[in-house]
Amino acid sequence: MTRELVKVLAVVGALAALLVIVPNTNSFVILLFTRALVFAILVMSLDILLGFTGLASLGQAAYLGVGAYLTAILATRYQIGLGYDFWLVVVLGVVSGAVLAAVFGLLAIRATGVYFLMITLALGQCVWGLAYRWNSLTGGDNGINLRVRPQFGINLGNEVTFFYLVFGFFAVSLAAMYVLVRSPFGRSLMGIRERELRMRILGYNTWLHKYIAFVIAGAFGGLSGVLWAHTTGIVSPENLVLTTSVDALLMTVLGGAGTLVGGVIGAFIVFGLREYLSTVVPWWQYVLGGVYVLTILYLPTGLMGIPARVRQRRTRVKEATAERKLAPVPH
Amino acid sequence: MSRSRRAFGSVLLTGSLAVAMSTAAMAQAQELRIGYVAPVTGIFAQQGKDMVDGFQFYLDEVKHDFGGAKVQFIVEDEQGKPDTAVTKAKKLILQDKIQILVGGLLATTGYALAPVSTADKTVYVVPIAAADDLTQRDLSKYPYMVRTGWSSSQPSHPFGQWACEQGYKKIVTIGADYAFGHEVVGGFQRAFEACGGQIIQKIWPPLGAQDFGPFIPTIRQDADAIFSLMVGPMSLRFPKQLAASGNKKPVIGGGTSYDEFVLPSMGDEVIGHISALQYSAALDTPLNAEFVKKYRAKYGKVPSYYSESNYTTAQMIHKVIADNKGQFPGPEEFVKRLASLKIDTIRGPVSIDDMRNPVQNIYIKKVEKKKMFGYDKDELWNTVIKTYPNVNQFGQFKKDEFLATPVYSRDFPPCKYCQ
């Protein structure tokens with residue numbers, strides 16, 4: 001329990017540091033962190049499925065897309081969500097993500113493993129296709145431009161203010177998901193991940209558990225979409241393409257699935273390499289590729305697995321030395 | 001980017017030299033910071049490279065000197081994604097403090113970058129992104145934007161008229177199903193039907209389609225010609241598969257179906273195909289001949305319109321800055337001056353209309369296999385067979401009436417003669 005407390009304190013400390021340091025850097029860095037934090041919400045939502053329930057979804061971008069398109073359409077067509085009603089849009093975004101997941105979940109949850117992967121992939125592509133082809137609503141390939149960020153007492157057009165808002169949403173999401181995975185419900189999800197059959201025999205309705213997890217993940221995806229739309233001010237089918245879902249999956253794996261924060265670190269690293277390093281050197285893609293390959297080869301549990309591996313090695317060394325001490329047996 | 005770093009290095013070097021020589025000299029050495037956004041990685045990397053090369057080629061030619069201003073050229077990779085383009089543009093504006101933002105390949109990117117220019121009051125010059133509405137119905141939203149390239153439907157308007165003059169009565173269109181395709185095909189349909197022609201069928205294969213097998217057999221047999229609008233690899237596959245199907249009808253198309261970006265990779269099946277664009281590498285003018293030869297010597301390929309448009313854009317920016325004694329006149333004034341420019345360029349005389357889109361020659365071009373500019377091999381060239389001088393974005397139509405109709409889309413203009 002104390003170890004868990006140390007972990008929580010470390011995360012809180014790191015976030016506090018982020019909150020102090022980032023606003024004092026230059027505006028481009030602030031923008032990057034804002035983007036990474038928004039995407040991190042999506043990555044964490046995926047982690048609930050992948051890391052805690054054992055369901056690898058390739059369609060998570062769909063929920064981001066629904067939230068983002070909802071925000072953009074409401075703002076540009078009906079001028080909703082540019083004042084205090086921004087909060088209404090946040091709620092609607094969350095609900096729309098959840099509703100979409102509730103529908104998709106009916107189709108997807110029946111499957112597991114690679115079949116689940118394929119179904120979520122197909123559903124994600126359906127949403128992409130809709131965004132791409134439904135010109136009158138989504139602007140098709142051109143997407144939708146949001147020209148201003150909401151203003152309600154505070155002006156979110158200011159990058160620093162917007163960073164604080166996003167940070168707030170991020171922190172609340174992280175806390176909420178942490179509580180969720182620590183709850184009895186979260187425990188039973190882990191049980192399903194480890195051995196679904198046993199859980200079913202123990203009397204758990206595993207389908208319902210997975211379905212609820214899927215809907216919750218969708219809801220957080222919708223939230224990230226609302227924020228994503230305002231981050232860059234453009235929503236296009238490009239946000240919904242398969243690579244967005246794959247990115248989320250890779251970030252989770254890179255940081256370490258089943259840890260929540262791991263995905264956040266993954267998001268920071270990938271955004272850092274892809275959007276910051278790419279402004280510095282032209283060979284950033286090799287670095288990104290290298291990071292992926294090395295992680296998969298040497299850290300199958302992701303970056304968050306490093307402390308455990310170090311501990312493991314230390315105990316192994318200790319055992320070895322202990323054995324050596326025992327070794328000189330007189331013959 | 002190494003390029004920008006090199007540029008930065010040279011600026012640093014000249015800077016320190018100036019300090020060493022005299023402080024007065026340094027006060028005079030002005031700097032013009034141009035930020036450039038193009039897809040240097042990803043599936044559009046090749047077009048992105050052509051764009052950057054075109055701009056860089058001009059800078060090298062004038063040794064980065066715009067009438068006394070030292071040009072610092074900073075390239076950022078947008079990776080073909082509109083939101084990355086926004087981030088990178090923000091980086092250029094906030095961190096590098098650029099005065100002029102240039103670039104963007106896809107229409108989406110144009111739509112993504114234009115609001116950034118408005119929000120940050122930074123000049124945005126659009127050399128490639130051709131989305132019609134940037135300089136039409138949405139113009140008022142983007143006071144800091146000037147287009148130096150073209151609008152998608154601009155070549156289509158004279159081309160439709162040309163098709164009438166050839167005696168075509170019924171044409172089938174087949175075009176990539178996205179905004180750019182809708183605009184090129186839409187412009188052609190409006191012009192062709194305005195002079196008595198009929199579009200009897202519109203086929204929309206998805207963007208990036210590999211197999212046209214499902215589409216080619218549905219082309220109606222009573223058509224006099226086929227109008228195609230392909231982009232990238234689609235441009236290569238469609239004529240091949242069409243030829244393999246035994247097609248005997250004349251094939252005409254939008255500029256990107258046959259531009260110099262794809263032409264060198266095409267086979268003899270495209271000989272005789274006709275397209276329209278504001279540039280052809282086979283344009284027989286001394287200015288263009290020199291450009292093609294020098295460009296080819298340096299980069300090993302014939303310049304595409306991506307390169308030409310960026311070369312010309314650099315030239316136009318140069319003219320404005322040089323006319324102001326090497327000073328950047330401030331964003332509002334720069335936009336005003338660039339928008340009132342009249343200049344002779346490689347593609348011919350160019351001026352900018354009151355909606356900040358170029359007025360320029362549109363060339364009707366026929367693919368021919370021949371020798372050109374003294375090269376000793378037979379190659380495919382886009383021979384210019386007719387020139388429509390000084391075409392603006394509305395072509396033969398009245399501006400007000402044009403703007404009162406919606407932007408071209410899959411459903412506009414409606415297909416009256418389709419069955």
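**Exercise 1. Locate A:Leu64 and describe its surroundings.**

A:Leu64 is found in helix α3 of chain A, which covers residues 61-78, where helices (H or I, at least four residues) and strands (E, at least two) are DSSP runs numbered from the N terminus. The structure is a predicted model, in which local features need pLDDT of at least 70 and side-chain atom pairs count only at pLDDT 80 or more, while totals for chains, interfaces and linings use all residues. Residues are numbered from 1 along each chain as its sequence is written, and chains are lettered from A and ligands numbered from 1 in the order in which they are written.

Step 1: count the neighbours. A:Leu64 has 33 other C-beta atoms within 10 Å and is therefore buried; a residue is buried if 20 or more other C-beta atoms lie within 10 Å of its own, exposed if 12 or fewer, and partly exposed in between, with C-beta atoms placed from the backbone.

Step 2: list the contacts. Leaving aside neighbours within four places in sequence, A:Leu64 is in contact with residues including A:Leu42, A:Gly221, A:Trp228 and A:Thr244, a contact being a pair whose C-beta atoms, placed from the backbone, lie within 7 Å.

Step 3: compare sequence with space. A:Leu64 and A:Leu240 are 176 residues apart in sequence, and their C-alpha atoms are 7.6 Å apart.

**Exercise 2. Determine which elements the buried residues of α7(A) pack against.**

Step 1: identify the buried residues. Among them in α7(A) are A:Phe162, A:Phe163, A:Val166, A:Phe170 and A:Met177.

Step 2: find their partners. The buried residues of α7(A) pack against α2 (27-53), α8 (184-194) and α10 (206-232) of chain A.

**Exercise 3. Work out the strand order of the open sheet in chain B and place α3(B) on it.**

Step 1: read the order. The 6 strands run β2-β3-β1-β4-β5-β6 in chain B, with mixed pairing, and two strands pair if DSSP finds at least two bridges between them. The edge strands β2 (65-66) and β6 (145-147) of chain B each pair on one side only.

Step 2: examine one pair. Strands β1 (residues 30-38) and β4 (residues 100-103) of chain B pair in the parallel sense over 4 bridges, and B:Tyr36 has B:Val102 in β4(B) as its bridge partner.

Step 3: add the helix. Helix α3 (residues 45-61) of chain B lies across β1, β3 (69-77) and β4 of chain B, and runs at about 165° to β1(B); axes are lines fitted to C-alpha atoms, for helices over the stretch in contact, and angles run from 0 to 180 degrees between N-to-C directions.

**Exercise 4. Characterise the side of chain A that touches chain B.**

Step 1: count both sides. In total, 23 residues of chain A are in contact with 26 residues of chain B.

Step 2: assign elements. On the side of chain A that touches chain B, α2 and α12 (261-280) of chain A are the elements that give two or more residues, and α2(A) gives the most, with 4 residues.

**Exercise 5. Examine the backbone at B:His64, B:Lys325 and B:Pro413.**

Step 1: B:His64, in the loop between α3 and β2 of chain B, has a positive phi of about 60° although it is not a glycine.

Step 2: B:Lys325, in the loop between α10 (305-323) and α11 (331-339) of chain B, also has a positive phi of about 60° without being a glycine. With 11 other C-beta atoms within 10 Å, B:Lys325 is exposed.

Step 3: B:Phe412 and B:Pro413 are joined by a cis peptide bond, with omega about 0°, and B:Pro413 lies in the segment after α12 (399-404) of chain B.

Definitions and conventions. Contact = placed C-beta atoms within 7 Å.
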